[in-house]
Every structure is written in C-alpha cells, then in structure tokens.
Amino acid sequence: MANNPLDQFLVKKLVTINLDGFDVSFTNSSVYMLLAGFIILSYFYFALRVEQIVPSRLQVSAEMIYNMVTGMLNQSVGQSGRKFVPFIFTLFMFVLLCNLLGMIPYSFAVTSNIVVTFGLAIMVFFAVLICGFIINGISFFSVFLPKGMPSWLAPLMILIELCAFLARPVSLSIRLAANIIAGHILIKVIAGFCVSFIIFFKFVPIPLIVILIGFEIFVAILQAYIFAILSCVYLNDAVNLH
Amino acid sequence: MPHRDELSKAEERLRQLKLQHGLANTKNGKKVVSIDALSIAIDLVSSIMVGLVIGYWLDKFFDSKPICIIIFVLVGSLAGAKIIWQKLNIKNR
C-alpha cells in the first residue's frame with residue numbers, strides 16, 4: 001500500500017515511435033515540454049499583440065521579464081551581451097515553466113530528469129565554447145591561464161582551470177535536477193505521513209505540506225533564475241576573457 | 001543647461017574610475033551571483049567527479065592503473081576548492 005516516492009519521476013511512453021532502432025517515443029515528459037512551449041508562446045502573443053506606449057498590465061509583465069533578462073546580461077557581460085538575449089531568455093522561460101508545471105498535482109516535473117537538465121547545460125557549455133572561439137579566436141585558451149601566476153605553476157594551473165571549466169555543465173545540470181527531485185520527494189514522503197499517521201497526528205502534516213509546496217514554488221523560480229544567471233556568467237568568460 | 005553637463009561629466013568620471021578598479025560590470029561594487037549551500041556542495045562534488053572521469057579515461061588510454069586517477073582526483077578537488085573560493089570571494093566583497 002506504501003507509495004514509492006520515486007514513482008513520480010518515471011518517464012512513461014505514451015506513443016511508441018521507433019525510428020530505425022532509435023527510440024523517439026512521445027513520453028509524458030514530452031507532453032509537459034510541449035505544454036510549456038505552448039504556454040510561453042501564447043502568453044507572449046497575447047501580451048504583445050497590441051503594443052501600446054502606455055502598456056496594459058499583461059504587456060507590463062512581459063516587458064518586466066524582458067527587462068530582467070537584459071539586465072542580467074548587461075550586469076554580467078556588458079553591452080556586447082545584447083546578442084545573447086534570445087538565448088538566455090528562451091532558456092530562462094523554458095526552465096521556469098518546466099519547473100512550475102511540475103508543481104501541478106499529478107503532473108510530471110520535466111527538469112527532474114537529469115537527461116533534460118544535462119541537455120540544457122551542455123547546450124550552454126557548447127554555446128560558451130563556440131562563441132568564445134568565434135569572438136576571440138585562438139586566444140580563447142588564455143581563459144585557462146589566470147593572470148599573475150609564476151611560470152613554474154602554469155601547467156598545474158592549466159589542469160586545474162580545465163577541470164573547473166569542464167565541471168560547469170555537470171554542476172549546472174545536477175544543481176537544477178537535485179533541487180527539483182529533493183523538493184518533490186520531500187512533499188511525497190510527508191504526504192505519505194498524512195495517510196499513515198492519521199490516527200496519531202490527525203491532520204497535522206497538511207499545513208506542513210502547504211508550507212512545503214509554497215517553498216517548492218519559490219525554489220522552482222529561484223533555480224530557473226540561478227540557471228540563467230550562471231549561464232550569463234559563463235558567457236562573460238567567453239566574451240570578455242576574465 | 002549647465003547642471004546636465006556637470007552630471008554627464010561626473011558620470012563619465014565615475015565610469016572611468018570604475019573601469020580603473022576593475023568594477024566595470026558590477027552593480028554597487030558587487031557582481032551579483034546568487035548561491036546557496038547546496039550549490040557550493042554540488043560544485044565541489046562535480047569537479048571531483050570530472051577529475052575522476054578524466055583520470056580514469058587517461059588510465060585506460062595509458063594503461064597505468066592508479067596513477068592518473070590519483071593525480072586527477074587531486075586536481076579535481078583543487079579545482080572544486082578554487083571554484084568555491086571564487087564564488088565566496090564574489091559574495092563577500
């Protein structure tokens with residue numbers, strides 16, 4: 001009768017599609033990713049359909065999000081960061097909506113899957129690499145050699161910097177997935193207490209679940225913000241080289 | 001209007017001073033990066049993991065079983081310590 005708290009993270013195939021040995025089935029994860037994309041597109045369509053100089057409330061909210069992303073890039077990268085606004089904006093909105101859709105009861109949290117978050121993080125990593133090489137050429141490798149180092153220490157410093165550079169996508173993905181998974185498991189376990197401890201504690205776990213769900217919504221928004229701002233910091237390394 | 005000229009000159013001097021002291025891209029003198037405790041732990045663990053994976057792969061390539069793993073786990077832990085030091089430095093400035 002006990003519910004396994006890890007059952008909520010199982011990816012179930014809804015429509016099995018097999019492309020020449022590759023499994024490209026339509027899963028419940030895909031449904032929520034499509035739903036997130038649809039919500040983002042329809043929100044910005046209706047908010048910006050009639051652009052007014054004195055904006056309506058919906059338009060103000062959409063412009064606030066745009067200002068926040070542009071402010072993040074301006075702070076981290078500077079004026080030359082304006083060209084990354086579509087990338088960081090899409091990343092932020094997608095992670096935010098996927099996290100928030102996971103808070104709906106009986107839904108599936110897309111970003112709890114390490115594969116999804118690793119895909120996003122490796123995209124940021126390759127964006128940093130490719131933009132670093134395009135903007136700076138071969139002198140992009142100077143990001144591995146910090147200034148003011150004695151030359152005998154240089155090989156060790158290069159190895160250390162390389163390790164730190166490669167740890168970025170790993171830590172980005174694990175941070176997002178671990179926060180979402182931990183929050184959802186905690187809510188599931190306490191909810192299990194509501195059922196099994198009803199004789200001793202009556203309804204006491206229920207206010208605790210309300211508080212936990214509120215905290216989890218805050219964590220969902222915060223983790224989307226942290227993902228976006230760390231991507232901006234890594235882009236700064238590529239564009240400005242220290 | 002004379003005040004507007006003075007204001008723009010003062011802004012220009014402020015910008016030059018900020019550039020001199022390497023604070024060009026900061027707001028209130030701090031680079032705004034929000035971190036929490038779990039984030040720092042994940043950074044440390046992920047750099048040790050990356051060091052382990054690189055060391056294991058190099059060991060398979062050069063067939064020298066424990067040496068590369070040991071070296072690169074140490075390098076990975078130093079890299080993790082460096083990441084944490086950088087993030088804490090930014091937060092406490």
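**From a buried cysteine in helix 5 to the pockets of a two-chain model**

A:Cys163 is located in helix 5 of chain A. The model in which this residue is examined is a predicted one. Is A:Cys163 buried or exposed? The relative accessible area of A:Cys163 is 1%, and the residue therefore counts as buried, the cut-off for that class being under 20%. Contacts with chain B accompany this burial: once neighbours within four places in sequence are set aside, A:Cys163 is in contact with B:Ser47, B:Val50, B:Gly51, B:Val75, B:Gly76 and B:Ala79. Within chain A, A:Cys163 and A:Phe144 are separated by 19 residues in sequence, and their C-alpha atoms lie 9.8 Å apart.

The helix that carries A:Cys163 deserves attention in its own right. Helix 5 of chain A covers residues 154–196, and because each of its 43 residues is taken to advance 1.5 Å, a span of 63 Å is expected; the end C-alpha atoms are 60 Å apart, in agreement with that figure. Helix 5 nevertheless contains a kink of about 35° at A:Ala167, shortly before the proline A:Pro169.

The same proline appears in the lining of the largest cavity, together with A:Ala121, A:Val124, A:Phe125, A:Val128, A:Arg168, A:Leu172 and A:Tyr234. This cavity has a volume of about 50 Å³, and the count of cavities of 30 Å³ or more comes to one. Which helix of chain A gives the most to the lining of the largest cavity? Helix 4 does, with four residues; helix 4 and helix 5 each supply at least two. By class, the lining of the largest cavity comprises seven nonpolar residues, no polar residues and one charged residue.

Helix 5 also takes part in an open space. The second largest pocket holds about 890 Å³. It is lined by 30 residues, of which A:Asn3, A:Gln8, A:Ile187, A:Lys188 and A:Ala191 are the closest to its centre. Two or more lining residues come from each of helix 1 (28–47), helix 5 and helix 7 (205–240) of chain A. Helix 5 gives the most to this lining, with nine residues. The lining of the second largest pocket divides into 19 nonpolar, eight polar and three charged residues.

Two of the helices that line this pocket can be followed further. Helix 1 of chain A has 20 residues, and because each is taken to advance 1.5 Å, it should span 28 Å; the distance between its end C-alpha atoms is 28 Å, which agrees. Its buried residues are A:Asn28, A:Ser29, A:Ser30, A:Tyr32, A:Ala36, A:Ile40, A:Phe44 and A:Ala47. An α-helix has 3.6 residues a turn, so residues three or four places apart point the same way. The buried residues of helix 1 pack against strand 1 (13–15), strand 4 (26–27), helix 2 (57–76), helix 3 (85–101) and helix 4 (114–136) of chain A.

Helix 7 of chain A contains A:Ile217. With a relative accessibility of 35%, A:Ile217 counts as partly exposed, a class that lies between the limits of 20% and 50%. Not counting residues up to four places away in sequence, A:Ile217 touches A:Leu100 and A:Met103. A:Ile217 and A:Ile180 are 37 residues apart in sequence, with a C-alpha to C-alpha distance of 9.9 Å.

These elements may now be placed within the whole chain. Chain A has seven helices and four strands, and from the N terminus on its elements run β-β-β-β-α-α-α-α-α-α-α. The C-alpha trace of chain A spans about 70 × 55 × 45 Å along its principal axes. Of the 242 residues in chain A, 44% are buried. Among contacts in chain A with a separation of 6 or more, 67% are between residues 24 or more positions apart.

Chain B, the partner that A:Cys163 contacts through residues including B:Ser47 and B:Ala79, has three helices and zero strands. Its pattern along the sequence is α-α-α. Chain B has 93 residues, 26% of which count as buried. Residues 24 or more positions apart account for 53% of its contacts with a separation of 6 or more.

Conventions. Residues are numbered from 1 along each chain as its sequence is written. Chains are lettered from A and ligands numbered from 1 in the order in which they are written. This is a predicted model: local features need pLDDT of at least 70, side-chain atom pairs count only at pLDDT 80 or more; totals for chains, interfaces and linings use all residues. Side-chain values use heavy atoms; hydrogens and water are left out. The expected span of a helix is 1.5 Å times one less than its number of residues. The bend at a residue is the angle between axes fitted to the seven residues ending there and the seven starting there. On a 1 Å grid over the protein atoms alone, a cavity is a set of points where a 1.4 Å probe fits but cannot get out, and a pocket is an open set with protein on both sides within 12 Å along at least five of seven lines; lining residues have an atom within 4 Å of a point. Grid points are joined across faces, edges and corners, and a volume is the space filled by probe spheres set on the points. Ala, Val, Leu, Ile, Met, Phe, Trp, Tyr, Cys and Pro count as nonpolar, Asp, Glu, Lys and Arg as charged, and the others, Gly among them, as polar. Buried means under 20% relative accessible area, exposed over 50%, partly exposed in between (1.4 Å probe, protein chains only). Contact means heavy atoms within 4.5 Å.
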